Amino acid sequence: MGCWRGPSTMLACLLLLHPLPSPACPAACRCSSGEVDCIEHALRKVPQSLPTNTSTLWLGYNFISVLGPRSFPPLSGLLLLSLPHNRLKLIHSQALVGLGALQELDLSNNYLTVLNPETFLPLTSLTTLNLGSNRLGELDPGVLHALPQLQALLLQDNPWVCSCGILPLWHWLSHNREKVQEKSLLLCRVPEQVNKYPVMAFRNESFRQCQETLLSAKHYIAFLIIGPFSFMASIFFCTFMGSIIVVYHNLCKEPHFWRRPGICRH
């Protein structure tokens, strides 16, 4: 046989005859052709021994409450991550690092109240984001601006606070209506007078009072800078002018210091 002509060819033949070990699969999961199914296994954190070729990861119906920094091993080929029906309350700003290929993310039916825009910066390929059935009263539009490929957004069944604070999100929703799924289920919870009123039904006139009275962060920063500066400048100016007046009067009382004493005559 040709495989025994030399040491190098013999080694090559042995490698071909002995298959490489398959990537590890967590004991609580089922793995098949890039799909890892860890649904309903009472998991409290993301398994770390995931196959490197994982493209779909199902983690729904577990007890995961926090996604800490780098919660996932390097999964450069992960396309779908499903985390519904857990107990998620917090997602660290570095939790999703290494998931740049991710296209679909399901975080529905959890306890999320706030999201950090920085968390979603690594997800440059994400097209679908499901945040439905959480405890979001507001959502920083920076979260959505961090997703340049976003095509489908689900926000239904959250207790939206429809006060002036929701104005930035409303602006984004109004300019991206085609991306918002289940629009009819995006309802206000408070104030009571707009309970169950569709967020997407608001118009510019609805926020007129907010636009007239609310100041941007830049305005507040300007006030904080200009106010003390103006105060210090006024003190310096008054002190400077007072010193000049005092010196002037002292010189007028002692004209012999001047060669031309008539300078103080009136």
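1. Let me start with Arg30, which is exposed in this predicted model, its relative accessible area being 53%. Its side chain meets that of Asp37 in a salt bridge, with 2.8 Å from N to O. The partner is a different case: Asp37 has a relative accessible area of 17%, so with the limit for buried set at under 20% it falls in that class. If you go looking for others, the count of salt bridges comes to one.

2. Next, the cysteines. Four disulfides turn up in a search of the whole structure, and I comment on some of them here. One of them joins Cys25 to Cys31, with an S to S distance of 1.9 Å. The angle about the S-S bond is 85°, and the link of Cys25 and Cys31 is right-handed. Cys25 is partly exposed at 33% relative accessible area, and Cys31 is partly exposed at 31%.

3. The disulfide of Cys162 and Cys188 has its sulfur atoms 1.9 Å apart. This link of Cys162 and Cys188 is left-handed, with -95° about the S-S bond. It ties together distant parts of the chain, 26 residues apart: Cys162 sits in the loop between strand E10 (160–161) and H3, while Cys188 belongs to strand E12. Cys162 counts as buried at 12% relative accessibility, and Cys188 is buried with a relative accessible area of 2%.

4. Cys164 and Cys210 also form a disulfide, again with 1.9 Å between the sulfur atoms. At -80° about the S-S bond, the link of Cys164 and Cys210 is left-handed. Here too distant parts of the chain are linked, since Cys164 lies in the loop between E10 and H3 and Cys210 in helix H4, 46 residues apart. Cys164 is partly exposed, with a relative accessible area of 28%, whereas Cys210 counts as buried at 7%.

5. Now the aromatic side chains, where the whole structure yields three pairs. In one of them, the ring centres of Trp170 and Phe207 are 5.0 Å apart and the planes meet at 45°; that angle is neither under 30 nor over 60 degrees, so the pair is tilted. Trp170 is in helix H3 (residues 167–175) and Phe207 in the loop between strand E12 (188–190) and helix H4 (208–213), which puts the two 37 residues apart. Both Trp170 and Phe207 are buried. They belong to one aromatic cluster together with Tyr197 and Phe202.

6. A last item for your list is a charge over a ring: Arg135 lies over the face of Tyr111, 4.3 Å from the ring centre.

Notes: Residues are numbered from 1 along each chain as its sequence is written. This is a predicted model: local features need pLDDT of at least 70, side-chain atom pairs count only at pLDDT 80 or more; totals for chains, interfaces and linings use all residues. Side-chain values use heavy atoms; hydrogens and water are left out. Rings of Phe, Tyr and Trp (its six-membered ring) pair if their centres lie within 6.5 Å; planes under 30 degrees apart count as stacked, over 60 as edge-to-face and the rest as tilted. Helices (H or I, at least four residues) and strands (E, at least two) are DSSP runs, numbered from the N terminus. Buried means under 20% relative accessible area, exposed over 50%, partly exposed in between (1.4 Å probe, protein chains only). A charge sits over a ring if NZ of Lys or CZ of Arg is within 6 Å of the ring centre and within 35 degrees of the ring normal. A salt bridge is a side-chain nitrogen of Lys or Arg within 4 Å of a carboxyl oxygen of Asp or Glu. A disulfide is a pair of cysteine sulfur atoms within 2.5 Å.
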